[in-house]
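Reader: I'm just starting out with protein structures, and I'd like a close look at one part instead of a tour of everything. Could you walk me through the open sheet and the strands at its edges?

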Amino acid sequence: YSVVRLDGKTSGYVVVAFHYNDEMEGLCARNATVHETRDVLDSFMDELDINFSLRNLSGEHRVTRYSMDAGNNLFDYMAKLDFRNPQGRGETVPALLYSMPSVEVYTENTTRELGLNVSLKGPGAQFVVVQKIVKEGISE
């Protein structure tokens with residue numbers, strides 16, 4: 001995982017967490033079949049649970065969480081089709097929609113610190129963007 005502080009016109013933080021194991025990483029270094037890859041991904045059911053505290057924050061913040069997991073990616077979509085190429089251009093849109101990250105947006109009013117949790121079961125990635133909400137016409 002990584003926590004990055006954003007400076008500039010919009011300040012905030014980005015938290016990035018990836019969940020995988022050595023066996024999955026090894027798939028990238030060799031010519032594995034799609035069926036072998038599916039078996040490796042399906043057998044990885046470990047859980048990752050990380051709590052973060054972003055300190056010295058005050059005011060209202062927008063939290064946007066983008067999540068990709070074993071159930072919303074192009075590989076899973078193709079596995080459900082038994083790795084057959086969909087016929088026709090009309091199949092592109094369902095594949096793209098299926099493989100979009102899930103998005104959750106909410107606001108938090110903080111006085112000192114903001115607590116965040118990243119929880120992933122099986123292979124996945126989560127990106128959390130925290131940005132201060134600045135009301136137009138109000139200077140802080």
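Author: Sure, let's begin at one end, with Val103, which sits in strand 5, residues 102–110. Keep in mind that this is a predicted model. Val103 also belongs to a nonpolar patch on the surface, together with Phe18, Tyr20, Tyr66, Val105 and Phe127. Taken together, those side chains make up about 580 Å² of accessible area.

Now for the sheet itself. Five strands build it, in the order 1-2-7-4-5, and the pairing is antiparallel. Strand 1 and strand 5 are at the edges with a single partner strand each, so one side of each has no neighbour in the sheet. On average, neighbouring strands here are turned by 15° against each other, if you ignore direction. As for what holds such strands side by side, strands of a sheet pair through backbone hydrogen bonds, either parallel or antiparallel.

At the strand 5 edge, the partner is strand 4, residues 59–69, and the two are joined antiparallel over nine bridges. If you want one pair to find on screen, try Ser67, whose bridge partner in strand 5 is Ser102.

Then hop over to the other edge. Strand 1 covers residues 2–6, and Val3 is one of its residues. Is Val3 buried, exposed or something in between? Its relative accessible area is 37%, and being buried would take under 20% while being exposed would take over 50%, so Val3 counts as partly exposed. Setting aside neighbours within four places in sequence, Val3 touches Tyr13, Val14, Val15, Phe52 and Leu54. For a sense of scale, the C-alpha atoms of Val3 and Asp69 are 20 Å apart, with their positions 66 residues apart along the chain.

Two of those contacts lead us to strand 3, residues 47–55, where Phe52 and Leu54 are on the covered face along with Leu48 and Ile50. The uncovered face of strand 3 has Glu47, Asp49, Asn51, Ser53 and Arg55. Strand 3 pairs with strand 6, residues 113–121, in the antiparallel sense over nine bridges. Glu47, for instance, has Lys121 as its bridge partner in strand 6.

One last stop by strand 1: the side chains of Arg5 and Asp7 meet in a salt bridge, with N and O 3.3 Å apart. Both Arg5 and Asp7 are exposed. That salt bridge is one of six in the whole structure.

Technical notes. Residues numbered from 1 in each chain as written. Predicted model: local features only at pLDDT ≥ 70, side-chain atom pairs only at ≥ 80, totals over all residues. Heavy atoms only, no water. Patch = residues over 30% accessible without salt bridge, like charges linked within 9 Å, V, L, I, M, F, W, Y side chains within 5 Å. Areas by Shrake-Rupley, 256 points an atom, 1.4 Å probe, with all protein chains shown as cover. Salt bridge = Lys/Arg side-chain N within 4 Å of Asp/Glu carboxyl O. Helix = DSSP H or I, 4+ residues; strand = E, 2+ residues; numbered from the N terminus. Buried < 20%, exposed > 50% of the residue type's maximum accessible area, 1.4 Å probe, protein only. Pairing = 2+ DSSP bridges. Contact = heavy atoms within 4.5 Å. Axes fitted to C-alpha atoms, helices over the stretch in contact; angles between N-to-C directions.
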